[in-house]
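Colleague: Got a minute to walk me through this model? I'd like to go over the ligand sites and then some odd spots in the backbone.

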Amino acid sequence: MRPYHQILILECGEPLVEIPLELFAVESPHPYAKLGAIYGDYSPYYLRQSVVNNLIQAQSYLESLRPHWRMQIFDGYRPVAVQQFMVDYSFATAIQERGWVEAELTPQQRQEIWQAVYEIWAVPSLDKKTPPPHSTGAAVDVTLVDDRGRVVDMGSPIDELSERSHPDYYAHNEQPAAQQYHTHRQLLCDVMLKAGFQRNPKEWWHFCYGDQMWAWLSNQPTAMYGRVI
Ligand SMILES: C[C@@H](N)C(=O)N[C@H](C)C(=O)O
Ligand SMILES: [Zn+2]
């Protein structure tokens, strides 16, 4: 259980709608679909209506500060089955990166890997009271693309299992490159917060509006969006 799971969900019933991708940049093919994740009725480029409206606002704030820059949509709606798929993928990758073999893991090694995975991934819970944020259609993973169409270097890739994913990881680093990373993370955060989102304290790219994490971070008594299906 995360602290935000204590928040009561009063589902408002707002539909999932397609993100108007022509207003944004998008990674294609979708990073999880490319790995074999199977989506049902909705693609990852769906979100709740108000979340899409806020995202369009954020894009317009960004353009007012940095003409011709775009938000890049990395991931939006994610069924629980895809959450499970990505948690399993992330577990297998973390084992490989350490040069270990799953069948030979000690209980301590297994525990170390699960801890790293669940540091950034939500549990693929099917309990309606504790939905993974993206399964509510209220969470979106985004980054920036500059006026020349280049994906901005934020100092770590999305979904990296490391401390570099923490939003303020580069805040106190005086190196010019580190300061640039921090400035760009702040720019992304500023336009998203201005549009009503909250940022996951552990991930520079994950923003939410109306779900339990958002309610918890903005001191709201209840969340508006629960698991979609
Ligand atoms: C890992 C990242 N893509 C992400 O979305 N993390 C949040 C916490 C999640 O799994 O919902
Ligand atoms: Zn996310």
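Modeller: Sure, one bit of vocabulary first: Ala, Val, Leu, Ile, Met, Phe, Trp, Tyr, Cys and Pro count as nonpolar, Asp, Glu, Lys and Arg as charged, and the others, Gly among them, as polar. This is a predicted model, where local features need pLDDT of at least 70, side-chain atom pairs count only at pLDDT 80 or more, and totals for chains, interfaces and linings use all residues. Residues are numbered from 1 along each chain as its sequence is written, chains are lettered from A and ligands numbered from 1 in the order in which they are written, and side-chain values use heavy atoms, with hydrogens and water left out.

Colleague: How does the shell around ligand 1 divide into nonpolar, polar and charged residues?

Modeller: Six of the shell residues are nonpolar, four are polar and four are charged.

Colleague: And which residues are the closest to ligand 1?

Modeller: Arg78, Gln83, Ile120, Ala122 and Asp159 are the closest of the 14 residues that surround ligand 1. A residue is near a molecule if one of its heavy atoms lies within 4 Å of it.

Colleague: What about polar contacts with ligand 1?

Modeller: Those are pairs of N or O atoms within 3.5 Å; within protein, one must be able to donate a hydrogen and the other to accept it, and residues adjacent in sequence count only if both atoms are side-chain atoms. A nitrogen atom of ligand 1 sits 2.8 Å from a polar backbone atom of isoleucine 120. On the side-chain end, glutamine 83 has a polar atom 2.9 Å from an oxygen atom of the ligand, and tyrosine 32 has one 3.4 Å from a nitrogen atom of ligand 1.

Colleague: How much of ligand 1 does the protein bury?

Modeller: The protein buries 99% of the 320 Å² that ligand 1 exposes when taken alone. Those areas come from the Shrake-Rupley method with a 1.4 Å probe; for residues, only the protein chains shown count as cover.

Colleague: OK, new topic. What are the protein donors of the zinc ion?

Modeller: For the zinc ion (ligand 2) they are His134 (NE2), Asp141 (OD), Asp141 (OD) and His206 (ND1), lying 2.0 to 2.8 Å from the ion. Donors are N, O and S atoms within 2.8 Å of the metal (3.2 Å for Na, K and Ca), and water is not among the atoms, so sites may look incomplete. Aspartate 141 lies in strand β6 (residues 139–145) and histidine 206 in strand β8 (residues 206–208), so the pair ties together parts that are 65 residues apart in sequence. Helices (H or I, at least four residues) and strands (E, at least two) are DSSP runs, numbered from the N terminus.

Colleague: Are aspartate 141 and histidine 206 buried or exposed?

Modeller: Both aspartate 141 and histidine 206 are buried. Buried means under 20% relative accessible area, exposed over 50%, partly exposed in between (1.4 Å probe, protein chains only).

Colleague: Which residues does the UniProt "binding site" annotation cover?

Modeller: According to the unreviewed UniProt entry, His134, Asp141 and His206. They spread over 73 residues of sequence but cluster in space, with a largest C-alpha distance of 9.7 Å. UniProt positions are in the numbering used here, feature names are shortened, and annotations may be inferred rather than shown by experiment.

Colleague: Now the backbone. Where's the cis peptide bond?

Modeller: Between serine 28 and proline 29, with omega about 0°. Proline 29 lies in the loop between β3 (25–26) and α1.

Colleague: What's the phi of aspartate 159?

Modeller: Near 80°, a positive value in a residue other than glycine. Aspartate 159 counts as buried, at 18% relative accessibility.
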